[in-house]
Amino acid sequence: MLPSMRAKEQNNAANATPNISDDASDISKEQDSAANAPSNISDDGSIDMSSVLQQSQVLEVLEKLDRELVGLKSVKTRIREIAALLLVDRMRRSFSLATHPPTLHMSFTGPPGTGKTTVALRMATILHRLSYVRKGHLVAVTRDDLVGQYIGHTAPKTKEILKRAMGGVLFIDEAYYLYRQENERDYGQEVIEILLQVMETQREDLVVILAGYKNRMETFFSSNPGFSSRIAHHLDFPDYSLEELLAIAQLILAEQMYRFSPEALSAFEAYLQRRMQMPRFSNARSVRNAIDRARLRQANRLFAKGGKVSKTDLMTIEAEDILASRVFTEDLPDDEQQSGTSQTTVFHDPDTSA
Ligand SMILES: Nc1ncnc2c1ncn2[C@@H]1O[C@H](COP(=O)(O)OP(=O)(O)O)[C@@H](O)[C@H]1O
Ligand SMILES: [Mg+2]
């Protein structure tokens, strides 16, 4: 980084005035007029909804979302509603019914592996196709990416991230770690203040999604009312049912051109029933990890056997590839040892270690 740039950033930090998108505002204007440019108004003074839809290519994203994500019914409904709102907003602008763009900051609550990051990525694409944001990328961060170690480091760090996220979605995972009630001099407070300001003043070009466990997020919002008032949509991602997890497994397998033999399918169901009761179960992520392990065992099995292998052999996961998991042989991992450690616990899936 050039010394002059550093100086400028520090200067910003001292003023505590976020000045994030000074270079972005021009582009954002361009984009705006581009979105309005083709007049969709026909002679009878109406707009053809289907042509607006087609132009935006948003339906494909919505359909892909339906197809590729199991369950999440209420999440999918809300995303459709948001898409409709943005489309209507866009058509209103064609009639010069200018309004402030709707606020779209969101919270995604739910346990790990329930699809929050995946949906945030899709959301970024939808927002881009509907011209709400310029670029439609997602920047995913946690507390450590925003908070500095020393005095004066936090504001530049946060602003650098905000700059990167401009024109897209800033996804803050486990957002409640920004706030430490017991420590009033915590630098997280500085991040919160900058975020609140940017969420208010630059909301046409940045969508902030705060993610984390539902109960902790609720506590966070009640201690930081500024956030709740800026968040327009709360989406809840519940734990998946056994049936949904099995459907997710089938999707992941198909995507990788593998399949379960009928016996492997029942073995996997038994696997999930046990795994779901164990500590650090993380829904679809555990399913993905378990499939990775099963592929490894399948490869070893085929390798050990030697001789000829068919295409079917190469594609098929057998029951023994599942049943060799530690989940079937060990007692529940002792969770006691984990309690008392901080949030920075290294997540360790019983499926991923030997
Ligand atoms: N409903 C779903 N259908 C299919 N795959 C899913 C679903 N939800 C999550 N996954 C998969 O599970 C993994 C973890 O999802 P992720 O979005 O990272 O969860 P989170 O952010 O809530 O921890 C990803 O590989 C994702 O593709
Ligand atoms: Mg995630």
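This passage walks through a predicted model of a single chain, from its overall make-up to a few individual residues.

Taken as a whole, the chain holds 17 helices and seven strands. Of its 354 residues, 32% are buried. Much of the contact map links parts of the chain that are well separated in sequence: among contacts with a separation of 6 or more, 79% are between residues 24 or more positions apart.

Ligand 1 is a good place to start looking around. It is surrounded by 18 residues, the closest being Gly 115, Lys 116, Thr 117, Thr 118 and Ala 284. Helix H6 (116–129), H12 and H14 are the elements that each give two or more residues to this shell. Sorted by class, the shell has eight nonpolar, seven polar and three charged residues.

Lys 116, one of the closest residues to ligand 1, sits in helix H6. With 23 other C-beta atoms within 10 Å, Lys 116 is buried, since 20 or more are enough for that label. Once neighbours within four places in sequence are set aside, Lys 116 is in contact with Phe 108, Gly 110, Ala 211 and Phe 237. Phe 171 lies 55 residues away from Lys 116 in sequence, yet the two C-alpha atoms are 9.6 Å apart in space.

H12 and H14, which both contribute to the shell around ligand 1, also pack against each other. Helix H12 covers residues 242–255 and helix H14 residues 283–305; their axes are 10 Å apart and meet at an angle of about 45°. H12 is therefore oblique to H14. The crossing of this pair is right-handed. On the H12 side, Leu 245, Ile 248, Ala 249, Ile 252 and Leu 253 take part, and they meet Ala 284, Val 287, Arg 288 and Ile 291 from H14. The contact between H12 and H14 comprises eight nonpolar residues, no polar ones and one charged one. Ala 284 turns up twice in this account, as part of the contact with H12 and as one of the closest residues to ligand 1.

A second helix pair is made up of H8 (residues 154–165) and H9 (residues 188–201), packed at an angle of about 35° with their axes 9 Å apart. The crossing of H8 and H9 is right-handed. H8 brings Thr 154, Ala 155, Thr 158, Lys 159 and Leu 162 to the contact, while H9 brings Glu 190, Val 191, Ile 194 and Val 198. By class, the contact of H8 with H9 has five nonpolar, two polar and two charged residues.

Two loop residues have backbone angles worth pointing out. Glu 174, in the loop between strand E3 (169–173) and H9, is not a glycine but has a positive phi, near 50°. Glu 174 has 17 other C-beta atoms within 10 Å and so is partly exposed. Arg 280, found in the loop between helix H13 (262–275) and H14, is not a glycine either and has a positive phi of about 55°. Arg 280 counts as partly exposed because it has 15 C-beta neighbours inside 10 Å.

Finally, there is Met 49, which belongs to helix H3 (residues 49–56). Met 49 has 13 C-beta neighbours inside 10 Å, so it counts as partly exposed. Its C-alpha atom is separated by 9.0 Å from that of Val 88, a residue 39 residues apart from Met 49 along the chain.

Terms used:
Residues numbered from 1 in each chain as written. Chains lettered and ligands numbered in written order. Predicted model: local features only at pLDDT ≥ 70, side-chain atom pairs only at ≥ 80, totals over all residues. Axes fitted to C-alpha atoms, helices over the stretch in contact; angles between N-to-C directions. Helix = DSSP H or I, 4+ residues; strand = E, 2+ residues; numbered from the N terminus. Parallel < 35°, antiparallel > 145°, perpendicular 65-115°, else oblique. Left-handed = near helix turned anticlockwise from the far one by under 90°. Contact = placed C-beta atoms within 7 Å. Nonpolar A, V, L, I, M, F, W, Y, C, P; charged D, E, K, R; others polar. Near = placed C-beta within 6 Å. Buried ≥ 20, exposed ≤ 12 C-beta atoms within 10 Å, placed from the backbone.
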